[in-house]
Amino acid sequence: MKKLNLFITILFLSSTILFAQNSKRVFEGIKNNKSNLEIKTNDGKYLIKALNDHIIETSFIPQGESYSDKSHAVILTKSIKAKFSENPSYLFYKTNGIQVTIQKSPFQISYSYKNKPIISEKKGVYQKGWHRNFKF
């Protein structure tokens with residue numbers, strides 16, 4: 001069941017990253033809300049929400065568009081509080097299982113599960129081989 005949850009999480013992350021990737025994206029600011037992390041960039045914003053220790057929802061809203069929390073894929077309605085920290089170069093948003101690392105410059109988002117890299121946005125989607133050993 002844990003592997004299935006992880007697979008579903010990766011599926012959501014990869015589809016979001018695939019469409020949101022932009023090599024000219026520039027970090028502009030951060031807002032740590034009670035229910036999510038909002039990252040402002042030069043061409044829109046990311047909303048990152050921890051749904052539980054194993055699932056993080058990432059949404060990219062291009063500039064000029066509005067966010068809708070309606071989803072055909074996500075059925076969880078509650079979120080959990082994730083730990084947030086930052087240093088001059090990075091932002092960290094972390095549950096007991098998943099960590100999102102945001103590099104400010106050049107802008108990049110990467111995801112790890114229990115300290116093992118899963119997927120990273122840099123020059124498109126880069127997957128760390130998690131799919132090779134995945135069994136349904």
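**A lysine in a loop, and the strands of this model**

In this predicted model, let us start with one side chain: that of Lys 104 makes a polar contact with the side chain of Glu 86, at 3.0 Å. Where does Lys 104 sit? Look in the loop between strand 7 (98-103) and strand 8 (108-113). Is Lys 104 buried or exposed? With a relative accessible area of 16%, Lys 104 is buried, because the cut-off for that word is under 20%. You can also look at the company it keeps: setting aside neighbours within four places in sequence, Lys 104 is in contact with Phe 27, Glu 86, Asn 87, Pro 88, Ser 89, Tyr 90 and Leu 91.

Next, follow the chain around Glu 86. Strand 5 covers residues 83-86 and strand 6 covers residues 90-94; the two run antiparallel and are joined by four bridges. Find Phe 84, and you will see Tyr 93 of strand 6 standing opposite. How do strand 5 and strand 6 connect? A hairpin of three residues links them.

Now turn to another part of the model. Here you will find an open sheet of four strands, in the order 1-2-3-4, with antiparallel pairing. Strand 1 (27-32) and strand 4 (55-62) stand at the edges with a single partner strand each, so one side of each has no neighbour in the sheet. On average, neighbouring strands of this sheet are turned by 15° against each other, ignoring direction.

To see one pairing in detail, pick strand 3 (residues 44-52), which pairs with strand 4 in the antiparallel sense over eight bridges. A handy landmark is Leu 47, which stands opposite Ser 59 in strand 4.

Terms used: Residues numbered from 1 in each chain as written. Predicted model: local features only at pLDDT ≥ 70, side-chain atom pairs only at ≥ 80, totals over all residues. Heavy atoms only, no water. Pairing = 2+ DSSP bridges. Axes fitted to C-alpha atoms, helices over the stretch in contact; angles between N-to-C directions. Buried < 20%, exposed > 50% of the residue type's maximum accessible area, 1.4 Å probe, protein only. Polar contact = N/O pair within 3.5 Å; in protein donor to acceptor, adjacent residues only side chain to side chain. Contact = heavy atoms within 4.5 Å.
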